[in-house]
There are 2 protein chains.
Amino acid sequence: MTDQARGLHARVLENLGPAITGGEYPPGSVLRTDELAQRFEVSRSVVREAVRVLESMHLVESRRRVGVTVRPTEEWNVYDPQVIRWRLAGADRPRQLRSLTVLRSAIEPAAAGLAAQHATPEQCAALTECALGMVATSRGQQLEGYLFHDINFHRIVLNASGNEMFARLGDVVAEVLAGRTHHQVMFEDPDPAAVTLHVRLAEAVREGDAARAEELTREIAVGALHELDILAP
Amino acid sequence: MTDQARGLHARVLENLGPAITGGEYPPGSVLRTDELAQRFEVSRSVVREAVRVLESMHLVESRRRVGVTVRPTEEWNVYDPQVIRWRLAGADRPRQLRSLTVLRSAIEPAAAGLAAQHATPEQCAALTECALGMVATSRGQQLEGYLFHDINFHRIVLNASGNEMFARLGDVVAEVLAGRTHHQVMFEDPDPAAVTLHVRLAEAVREGDAARAEELTREIAVGALHELDILAP
DNA sequence: TGTGACACAAAAGTCTGACTTTTTGTTCCC
DNA sequence: GGGAACAAAAAGTCAGACTTTTGTGTCACA
């Protein structure tokens with residue numbers, strides 16, 4: 001799905017990463033590079049490179065004479081897209097989906113407000129196109145098509161905000177939306193109210209109405225939170 | 001300040017990282033591992049480990065027969081605390097400080113609202129203590145002491161939100177606050193209004209008043225945005 | 001003149017084995 | 001019982017040889 005092992009070290013990473021984030025090696029566990037090299041049938045240098053990457057994600061800590069120790073969960077770089085993907089693929093996917101959705105509901109209204117002020121005509125056009133695509137695929141079990149337009153819609157809003165930090169959250173939002181469609185809820189067609197909100201949001205951004213864009217996005221977020229039972233009805 | 005070179009690879013990283021994020025090697029630039037090994041007087045394996053880390057931050061891409069290429073800015077993992085530190089230490093610090101402050105102003109009100117609902121008695125006590133510390137150091141050029149309490153205050157709020165993604169933003173907020181005190185503005189004592197807002201926020205959280213906590217944090221954020229001339233007065 | 005196949009070379013990727021350094025645990029002496 | 005010396009374990013480092021991929025240039029053929 002992401003990038004398939006362009007090297008041995010990537011293969012090791014694709015095994016160790018999910019194993020650690022998935023709790024297979026709980027915090028405090030100790031790995032030894034020699035043992036890993038044997039297990040994966042690669043040289044120690046390959047293992048070392050993989051460990052260095054895990055270390056940069058704060059998933060593990062490598063210390064002499066003791067080995068490679070798994071760090072406590074609170075220290076992980078949970079904003080690393082790779083870590084997010086590993087965790088979403090693992091056992092605590094629901095929990096992960098919830099914290100990410102709460103994050104979205106804080107970020108996206110602000111981003112939409114800024115987008116209304118800064119969006120280029122091209123971005124407005126693309127946004128409207130996505131909204132139309134969502135309408136077109138909102139009925140008849142075209143979930144994949146709907147997801148595609150939904151992801152693009154939110155990505156454009158985040159990019160149009162002009163804020164780099166918001167823009168880089170596009171991938172996270174994409175993962176969350178994909179996760180929602182593929183695993184959690186949404187067995188039926190999407191909520192018509194949500195579709196309408198997106199159409200109106202595209203309008204608000206086009207008209208430069210920051211306050212309305214923000215409020216509409218907040219309503220979209222409330223819907224997403226309800227889907228995960230985070231808010232009481 | 002962070003962690004001083006516990007190994008050769010870390011030393012290489014501390015040179016290459018800031019050089020790349022600082023624009024010394026603009027996107028598209030090509031580095032060769034052999035050359036880097038010579039320049040830093042280390043073996044190739046050490047360079048490879050450093051490059052692997054840079055690759056995991058999406059700062060560079062390593063391809064056979066061509067070398068290690070610096071990736072376009074839009075692809076960098078700007079949420080990586082290490083990358084944030086490197087960029088804050090570099091030339092576009094002001095720009096960086098602005099996007100991070102906008103991020104803060106989106107996240108922290110939501111976090112404060114959640115904190116009002118979920119904070120433990122211990123967290124409430126710690127929060128009040130920090131607010132008192134801020135009051136005590138708010139006059140007489142005790143900027144370092146004030147900064148210390150300010151950082152702790154915001155860190156506690158983010159942690160008390162109960163949301164892991166919010167909690168992990170504590171380090172970023174700490175960097176932003178430290179940057180503001182040490183470089184940007186604040187040559188004089190902090191704004192008394194801001195101090196009062198923090199005291200009242202601690203109250204609101206203690207009383208479990210989510211709406212008021214959110215609103216007070218929003219006001220604190222507005223103050224921070226004004227300091228950087230992001231909002232018109 | 002254009003185009004495709006092929007060969008060459010450059011750079012990263014991998015492996016191995018030897019050596020160094022740090023750190024921890026143990027033992028031994030006072 | 002406490003402290004100092006010692007031994008071992010594991011990561012860290014290095015050098016060199018080899019493999020694999022891939023961009024580029026060349027040459028023949030249409």
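Which element provides the largest share of the surface near DNA strand C? Keep that question in mind while we walk through this predicted model, starting with a single chain and ending at the DNA.

Let us begin with chain A. Its secondary structure comes to eleven helices and three strands. If you trace the chain from the N terminus, the elements follow the order α-β-α-α-β-β-α-α-α-α-α-α-α-α. Taken along the principal axes, the C-alpha atoms of chain A fill a box of roughly 65 × 35 × 35 Å.

One stretch of chain A carries a label from a database. In an unreviewed entry, UniProt lists residues 6-73 of chain A as "domain: HTH gntR-type". In the model, that span is 51% helix and 15% strand, and its end C-alpha atoms lie 28 Å apart.

Now bring in the second protein chain. A rotation of 180 degrees, with 0.0 Å of shift along its axis, superposes chain A on chain B with an RMSD of 0.1 Å. That is the relation of a two-fold axis. In general, two copies of a chain are related by a rotation about an axis and a shift along it.

Where do the two chains touch? On one side, 23 residues of chain A take part, and they are in contact with 22 residues of chain B. Three helices of chain A each give two or more residues to this side: H3 (44-56), H5 (93-118) and H8 (164-167). H5(A) gives the most, with seven residues. Sorted by class, the residues of chain A that touch chain B are eleven nonpolar, six polar and six charged. Of the interface residues of chain A, 96% are also interface residues in chain B, so the copies meet through the same surface.

Next, take a look inside chain B, where two helices pack together. In general, such a pair is described by the angle between the axes and the distance between them. Helix H4 (residues 81-89) and helix H9 (residues 170-182) of chain B pack at an angle of about 10 degrees, and their axes are 10 Å apart. That angle makes H4(B) roughly parallel to H9(B). On the H4(B) side you can find B:Pro81, B:Ile84, B:Arg85 and B:Leu88, which meet B:Asp171, B:Val172, B:Glu175 and B:Gly179 of H9(B). This contact has four nonpolar, one polar and three charged residues.

Finally, we reach the DNA. Strand C is surrounded by 20 residues, the closest being A:Gly7, A:Leu8, A:Ser43, A:Arg65 and B:Gly67. Both protein chains contribute elements here: helix H1 (8-21) and H3 of chain A, together with helix H2 (33-40) and strand S3 (67-70) of chain B, each giving two or more residues. And here is the reply to our opening question: H3(A) supplies the largest share of the surface near DNA strand C, three residues. By class, this surface has five nonpolar, seven polar and eight charged residues.

DNA strand D has its own surroundings, made up of 19 residues, with A:Arg32, B:Gly7, B:Leu8, B:Val42 and B:Ser43 the closest. At least two residues each come from helix H2 (33-40) and strand S3 (67-70) of chain A, and from helix H1 (8-21) and helix H3 (44-56) of chain B. The surface near strand D has five nonpolar, seven polar and seven charged residues.

Methods:
Residues numbered from 1 in each chain as written. Chains lettered and ligands numbered in written order. Predicted model: local features only at pLDDT ≥ 70, side-chain atom pairs only at ≥ 80, totals over all residues. Contact = placed C-beta atoms within 7 Å. Helix = DSSP H or I, 4+ residues; strand = E, 2+ residues; numbered from the N terminus. Nonpolar A, V, L, I, M, F, W, Y, C, P; charged D, E, K, R; others polar. Least-squares fit on C-alpha atoms with pLDDT ≥ 70 in both. Near = placed C-beta within 6 Å. UniProt positions renumbered as here; feature names shortened; annotations may be inferred. Axes fitted to C-alpha atoms, helices over the stretch in contact; angles between N-to-C directions. Parallel < 35°, antiparallel > 145°, perpendicular 65-115°, else oblique.
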